[in-house]
Amino acid sequence: MKRLWAAVSLLIVSILFSAIELYLVDVNQENFTYMIKEIEDYYSIKEYKYAYDLCIKTEQNWKNSETKLKTFLLHSEINNISDSISEIKDSIKNEDKKTFYSVCQKTKRQLLSMKESELPNFENIL
């Protein structure tokens with residue numbers, strides 16, 4: 001009977017950690033996608049200073065979230081997103097419109113891919 005309780009306890013702990021991971025990844029994906037869209041909005045109306053300032057804030061927030069996300073996700077995924085956010089900042093500074101929009105789209109796809117890779121669906125389980 002003790003083995004059954006130990007197994008059930010481990011199952012509950014595993015489910016709890018999985019739920020925390022899903023929540024953390026989902027919230028971060030939504031927040032950072034929203035922030036990138038705001039940066040794009042400022043950039044599109046040629047408010048480069050506001051876009052740049054928001055990008056710096058986004059980069060700082062991402063660095064704060066990195067440690068939590070690296071607990072659950074592949075470090076290379078997190079590092080790629082960090083690099084992309086830095087690229088967005090550089091393209092704003094250089095006022096390179098083409099690069100800016102392509103990097104923003106790439107970063108949003110990376111964030112979505114990060115979220116989708118952690119969803120409990122058939123593909124991810126196998």
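# Notebook: a five-helix chain

I began at Lys57, which sits in helix α2. The model is a predicted one. Lys57 counts as partly exposed, at a relative accessible area of 46%. I then checked the distance from Lys57 to Met35: the two are 22 residues apart in sequence, and their C-alpha atoms are 9.2 Å apart in space.

**Entry: overall layout.** I counted the elements and found five helices and zero strands. In sequence order the pattern reads α-α-α-α-α. I looked up the radius of gyration next. It is 18 Å, well over the 14 Å from the globule rule for 126 residues, so the chain is more spread out than a compact globule. The C-alpha trace spans about 70 × 25 × 20 Å along its principal axes.

**Entry: burial, surface and charge.** I noted that 30% of the 126 residues count as buried. The exposed area of the chain is about 8,400 Å², and carbon and sulfur atoms supply 58% of that area. For contacts with a separation of 6 or more, I find that 69% are between residues 24 or more positions apart. The chain carries 17 positive and 19 negative charges, and the mean positions of the two sets are 3 Å apart.

**Entry: helix α1.** I took α1 next and read off 43 residues. From first C-alpha to last, α1 reaches 63 Å, close to the 63 Å expected at 1.5 Å a residue. Which residues of α1 are buried? I list Glu21, Leu24, Val25, Asn28, Gln29, Phe32, Thr33, Met35, Ile36, Ile39, Glu40 and Tyr43. The cover over these buried residues includes α2, α3 and α4. A general point on helices belongs here: with 3.6 residues a turn, residues three or four places apart point the same way.

Trp5 is also in α1. Trp5 is exposed, with a relative accessible area of 53%. I paired Trp5 with Asn79, which is 74 residues away along the chain, and found 40 Å between the C-alpha atoms.

Before α1 comes a segment that holds Met1. Met1 counts as exposed at 72% relative accessibility. Met1 and Lys89 are 88 residues apart along the chain, and I find their C-alpha atoms separated by 58 Å.

**Entry: helix α3.** Helix α3 covers residues 75–93, which makes 19 residues. Its first and last C-alpha atoms are 27 Å apart, close to the 27 Å expected at 1.5 Å a residue. The buried residues I noted in α3 are Ile78, Ile81, Ser82, Ser84, Ile85, Ile88, Lys89, Ser91 and Ile92. What do the buried residues of α3 pack against? I find α1 (2–44), α2 (48–72) and α4 (97–116).

Lys89 thus turns up twice in these notes: as a buried residue of α3, and as the partner of Met1 at 58 Å.

**Entry: Thr107.** I moved on to α4, where Thr107 lies. Is Thr107 buried or exposed? Thr107 has a relative accessible area of 0%, so it is buried, the cut-off being under 20%. Leaving out residues up to four places away in sequence, I find Thr107 touching Ile36, Ile81, Ser84, Ile85 and Ile88. Of these, Ile36 is among the buried residues of α1, while Ile81, Ser84, Ile85 and Ile88 are among the buried residues of α3.

**Entry: positive phi.** I also looked at backbone angles in the loops. As background, most residues other than glycine have a negative phi. Which residue with a positive phi follows α1? Lys46 does, with phi near 60°. Lys46 is in the loop between α1 and α2. I looked up its accessibility as well: at 60%, Lys46 counts as exposed.

Glu95 follows α3 and has a positive phi near 50°. Like Lys46, Glu95 is a residue other than glycine. Glu95 sits in the loop between α3 and α4. At 48% relative accessibility, Glu95 counts as partly exposed.

Conventions: Residues numbered from 1 in each chain as written. Predicted model: local features only at pLDDT ≥ 70, side-chain atom pairs only at ≥ 80, totals over all residues. Heavy atoms only, no water. Helix = DSSP H or I, 4+ residues; strand = E, 2+ residues; numbered from the N terminus. Rg over C-alpha atoms; globule rule 2.2 N^0.38 Å. Buried < 20%, exposed > 50% of the residue type's maximum accessible area, 1.4 Å probe, protein only. Contact = heavy atoms within 4.5 Å. Areas by Shrake-Rupley, 256 points an atom, 1.4 Å probe, with all protein chains shown as cover. Lys, Arg positive; Asp, Glu negative; His and termini not counted. Charge placed at Lys NZ, Arg CZ, Asp CG, Glu CD. Expected span 1.5 Å × (residues − 1).
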